[in-house]
Each structure stands twice: as structure tokens, then as C-alpha cells.
Number of protein chains: 2
Amino acid sequence: MTRRPRRPTMVDVAREAGVALRTVSRVVNDDATVGAELAERVRAAIAALDYRPDERARHLRLGVTGTLGAAVRQLSHVNPVLRAVERAARAAGLMVLAASTEDDEVLERHVVESMCRRRFDGIILEPIGEDHGYLLPELAAGLSLVAVDRPVLGLDVDCVISDNVAGIRTAFAHLVAHGHDRVAYIGDDERIYTAHERATAFRACAAAHGGPVDAMVHTGRIEPGRITSAVRAALAGPAPATAIVTGNASISVEVLRRLGADSRKVAIVGFDDSELATLLRPDLTVVAQDDTAIGGTAIDLLRARIADPARPVSRVTVPVELVRRGSGELPPIS
Amino acid sequence: MTRRPRRPTMVDVAREAGVALRTVSRVVNDDATVGAELAERVRAAIAALDYRPDERARHLRLGVTGTLGAAVRQLSHVNPVLRAVERAARAAGLMVLAASTEDDEVLERHVVESMCRRRFDGIILEPIGEDHGYLLPELAAGLSLVAVDRPVLGLDVDCVISDNVAGIRTAFAHLVAHGHDRVAYIGDDERIYTAHERATAFRACAAAHGGPVDAMVHTGRIEPGRITSAVRAALAGPAPATAIVTGNASISVEVLRRLGADSRKVAIVGFDDSELATLLRPDLTVVAQDDTAIGGTAIDLLRARIADPARPVSRVTVPVELVRRGSGELPPIS
DNA sequence: GTGAAAGCGCTAACAT
DNA sequence: ATGTTAGCGCTTTCAC
């Protein structure tokens, strides 16, 4: 029946070891200037009392917490950028603690404000929605923040984003180079920043290439019916598309599912690499994001911002890479 | 050129508003016993100074942090239990901060100890490896911890686990009920706790049913070659299996990939529901874990442990459910 | 209602 | 090389 005993503090350890508080602090922080014999006595006292230092007090005193927050859309989803963020932070001796925003603006705000009150040294944010006004006072009060995947609309904050425009251009040009003249685009809801950016880039490509634009671009929420009709529209009519560019990994999966065996008859380049898509079609050619570079850059930017809050804002665009696997190299079949 | 200004504290706000420190504290904590006019003055001062309360100090003073840690194998992987944990914690007014252990015992230790030093109120852990001795002093010092998915070997701590044995039994019995006499099992590396538990349960089923046991059970690390030969071994020989039970979601995917079109000729029941597996074979019958129950129970257990460190340890087993989709209801084809 | 002061557990001047 | 002490920003008795 262990009653909840008051946790021992440095004072208790000092008393137990018969030394001064300062000496315990030195031992705990691996300060070399402490005598071997005393150090041993302190360590014995620590073990005897099950003493565990309290970082809250340490952080309060120090001013910094050595902690970065990551506010991401969904922790329990595949998120290679988050993994890269964790690794880069670890390499820099920083701890990353993450929480989900669940694509909910209200929850995002709760999470970010919570991290601010806990005085995390900085925050990596996958921003949701349009209105990030709540960030203004936090930034004014000293918050260091880096946006990932999309910018914080209306606010001048550091961010690191994939080169969506170049990715779409590469995909389009690749298909054209393989003889395709009628390329369709199936993308996600354009209320999502990246979806809009990619669709816009595609429209520009299609317009530059000549031929119909709007008839070739199908965007909207990911719903079974919508994907089905988009695929049908793309491949039907007097001038059916011979190639498709998909707007993100989820879209790729849905399109491939609808296409079934027919997917071998149409050239496809997907945006985003993903296990899911390549399961359905192992030879899927994709425009892959450089997750490691994104995560690493995010940490670099955040550390620079923490070191110098007055430094100019930087918006980094990370190159994407075309991964040729076969589906994007098919010739047109009309 | 904003120089890094010292963040304003409650003292500054009090001075600005011309009130006592105590009053600011009351306003910040929504204490009703403060006059409307004064409260307004305080709020104005807070806005004017961009004052943000510091939870480090608050938590230090209060003793508790209102924070739960989640140390999971990989943040950026699909993890429905983690999602359920976050939701249940949120409903209880607790914040969950998560970090990856990357299936690395050393990193797990770093993460857990780090959370302890930060005085998180409790920790949810997906334990890795065999040796969790480092937890002993933490538990002695007052750590509240709940293990999820597998127990902490050798330590008497709360945990919540799926009913692996019942799941395997259900899968086996289901196939037998559909006329199968020769059922094979393909599972993951038995050094993984759940993999071993499931394989053992399967052996017991096979033995009870009669017929060969060892020839029907194939376990080991997930490698292309190993899965290929396991599938071949299961379906070859004079008495080939007419049904297969797979040990987890990853195994299901690999087996389905190897089987290809042949998968329609063999009955299959997978362990774990998963988008990946059902992509390959949309009608995959599975033994599904109750993620919501697991996450909710984990939070319940953790809160109970925090409230009463002396309460008896509980090891909860959560029932699994057979989801019939077709692949497990195929008759034997010999 | 308000104000002064102690203390949460730690670090870092500043002695010695 | 070790001890003393102030203070990080907050909450909370305890008088008023």
C-alpha cells in the first residue's frame, strides 16, 4: 500500500548525500568539476531515493525547453514528412512532441496555443483552413513557427513546400514527350491549398499545350461517385484522354481502383509516392516529394527562427522528382 | 528589428492594469469572484502586452501537467489505437503529446525517460523488446504507465491487449465451419510478442483439429523471399492447404501480393483490418481489433492509475470481431 | 473583494 | 572544489 509519497527533490538528495544542493545539480548535469568521491555519494543518494530531476523547474529556470511541437493533421496517418522532422530534430538534440489537429481549425488552435503556453521552443505546423489570425498575438509574443506542406494564408511566416507547379509541369511534359496529346487531370477538392495549386498549374500546362482545358480537369472532394464520373468523363467522348495525371496519393488510389484492369490502357502519372498506389499498380510512375528534405529544412528554418526572431521570413520550395516506373511511359492507345 | 523582448509576466500585467498579481491570476483562470470592471482592465492589459501565461510555472506550482505522453512505434504510420487514445484523452480534458520509438529499445527509453522528467501525468506505451528494467525506478518514483498492444515483459504494469487467442480460434473455426480441413498459417517474426502469441494459438487450434501442425505454420520476418516460399509451401505438396490465416495486416498484404489472381482459389482470413489489404482484395474477411475500445480503455486505466497509484494492476483483453467479407467464406477447392 | 509573501524544484551568480 | 542564495513565473494561503 504505497501511499503517494512526495517525490524527492534535489534538496532531499543533497541532505541524503550530505552535500550542498549545488553539488547535486552539478552531478545531475554531468559537470566535470565535481570530486569523484562526492559524485559517487550523490549518485548513491539519487538511487536510494529514486530521485528524478524535474524538467519543468529546469525549463522554467533556463527559459528554454529543448522541445519542438508538431501540430499535424492526423498523427496516425502515413506522414513521411513528420518522420523526417522527428529525425532531424533528434539529430539536433531536440525533442519533438506531436499532436493531431484532425483537419479541424478549432482543434488546431487549441493544440498550437497549448504548445505555446507550454513554452515549446518552436512549432511545426501543417496549417488548416483560411483564418490563422489567432497566431498573430502568439507570434508577437515570441512564437517561432514553421509551416509545412502549405503556407499560412495571410501571414508572413516561414514555410517549406514542395514545388507543386514544377511537379505538375514535369508530369505533363513527360506524358507529352511520350506522345500524349490529350492528358486529363483528376484532383482533390480545390479548397485544399495544394489541390488548388496543382490544378491551376495543370490548367496552365494544358492551355500552353493547346486544346481543351476545362474539359480535361476534374477536381472535387474524394467521393466514390465523383471519382467514377471523373474517370468516365476523362476517357469518354469523341476525344478521350490517353493519359491521366492524378492530384495526390488518395486520388491515385481511387482512380486506379475505378480503372481496374483498364489502367493498363491509359498512361498515368501520380502526384505523391505511396505504398497504397503502388500496391494497386506496382509500376506507377509518380512525382515524388522529397520528404527528407522537407522535414530537414523545416527543422533548419525553425532553429534559425528560434536563434534570430528578427531574421527575414523564408519560404522554401523543395524540388520534386519524377520516378519512372512504367505507367507514365506507356504510348497513347486510341 | 524587434529585439527579443523579455516576455511579459503576470507581474507586468498587474502593473499595467494597476491591480494585484492575485487578481491577474484570477482573471487568467476564469475565477468568477473578480469584479467586471477590473477583469476588463486586466484583459486589456493582457492584450496590450501580448501576455501569454506560462504553463511551466503553473504546472510546477500545481504539481500536475494535464499532459499524457504516447510513446508509439512510429507516429507516421497508420495507428487507429493512437487516434482513439487522442480522442479519449481529449474528452477527458487531457492533452496527448506523442513521440516515435522507431522500434528501437534505446530510443524508447530516451522517449519515456524524457516524458518522465517533464512530469507528464501518465504515459501510454507500445513496448518494444524484452528488457524494460529501466522502467523500474520510474515506476517506483511514481510514473503512471499503461502498455498497449502487448504487455511489458517481466513487469507488473497495466495493459490493454487484443484477444489474440480468441481471434485466431475464431478464424480457424470459421474456416473449418466452411469445410476446410487443411488450414495454413503465415505469420510475422515470432520474436514479436503478438506474432508469437498468434502463432502459438494457431498451433493449438491445428493440433486440436488433428492433422499436421508444423507443416501448416510458417512464421518469420517479412521478406519477399520468405513470404513467397511460405505461400508456395502452404499450397504445394500432396495435401495443399485450401485456406490461409494471415498473422497481421502486413503479412496479409504480402501474401495477397504473392497470390495474385490465385487468391480467389484459396479461402483467406486476415488478422487486423487494413485499408492496404482490402485494396488488394476488397472482400477480405478479417479478424478486426476494436481500436476504439483499446484506446478508450487505455485512457481509463491510465486515469485510474494516476488517481490511485496503489490500485491493483489490471490487464484488459479486448474482444476482436470477425468481419465476413467473402474471402473467408469460400468453400475448399482441391 | 484585494495585496503581500511563501514556495513549487531547479540553475547560476557569487562567495569561500 | 563546494556551499549560499536569489529568482524563473506561477498559485495560494493568509491577513486586510
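Ala, Val, Leu, Ile, Met, Phe, Trp, Tyr, Cys and Pro count here as nonpolar, Asp, Glu, Lys and Arg as charged, and the others, Gly among them, as polar. By that scheme, the surface near DNA strand D divides into 11 nonpolar, 6 polar and 7 charged residues. This is a predicted model, in which local features need pLDDT of at least 70, side-chain atom pairs count only at pLDDT 80 or more, and totals for chains, interfaces and linings use all residues. Residues are numbered from 1 along each chain as its sequence is written, chains are lettered from A and ligands numbered from 1 in the order in which they are written, and side-chain values use heavy atoms, with hydrogens and water left out.

Start with the two protein copies. Two copies of a chain are related by a rotation about an axis and a shift along it. Here a rotation of 180 degrees with 0.0 Å of shift superposes chain A on chain B, with an RMSD of 0.1 Å. The two copies are thus related as by a two-fold rotation axis. Superposition is by least squares on the C-alpha atoms of residues with pLDDT of at least 70 in both copies. In chain B, 100% of the interface residues of chain A are interface residues too, so the copies meet through the same surface.

One cross-chain link involves B:Arg52. This residue sits in the loop between α3 (36-49) and α4 of chain B. Its side chain makes a polar contact of 2.5 Å with that of A:Glu138. A polar contact is a pair of N or O atoms within 3.5 Å; within protein, one must be able to donate a hydrogen and the other to accept it, and residues adjacent in sequence count only if both atoms are side-chain atoms. Leaving aside residues up to four places away in sequence, B:Arg52 touches A:Arg119, A:Pro137, A:Glu138, A:Ala141 and B:Arg7. Contact means heavy atoms within 4.5 Å.

Now look inside chain A. Helices are DSSP runs (H or I, at least four residues), as are strands (E, at least two), numbered from the N terminus. The axes of α2 (residues 21-28) and α3 (residues 36-49) of chain A come within 10 Å and cross at roughly 85 degrees. α2(A) and α3(A) are therefore roughly perpendicular to each other, a label for angles of 65 to 115 degrees. From α2(A), the contact uses A:Thr23, A:Val24, A:Val27 and A:Val28; from α3(A), A:Leu38, A:Ala39, A:Val42, A:Arg43 and A:Ile46. These residues divide into 7 nonpolar, 1 polar and 1 charged.

Turn to DNA strand D. A residue is near a strand if one of its heavy atoms lies within 4 Å of it. Of the 24 residues around strand D, A:Ala20, A:Gly35, B:Met10, B:Tyr51 and B:Arg61 come nearest. Phosphate oxygens of strand D lie 2.8 Å from a side-chain N or O atom of A:Thr23, 2.6 Å from a backbone N or O atom of B:Met10 and 2.5 Å from a side-chain N or O atom of B:Tyr51. α4(B) gives the most to this surface, with 4 residues.

What about DNA strand C? Among the 24 residues around strand C, A:Tyr51, A:Arg61, B:Ala20, B:Thr33 and B:Leu38 come nearest. A side-chain N or O atom of A:Tyr51 is 2.5 Å from a phosphate oxygen. A base nitrogen of strand C lies 3.1 Å from a side-chain N or O atom of B:Arg61. For strand C, α4(A) gives the most to the surface, with 4 residues.

Technical notes: Axes are lines fitted to C-alpha atoms, for helices over the stretch in contact, and angles run from 0 to 180 degrees between N-to-C directions. Angles under 35 degrees count as roughly parallel, over 145 as roughly antiparallel, 65 to 115 as roughly perpendicular and the rest as oblique.
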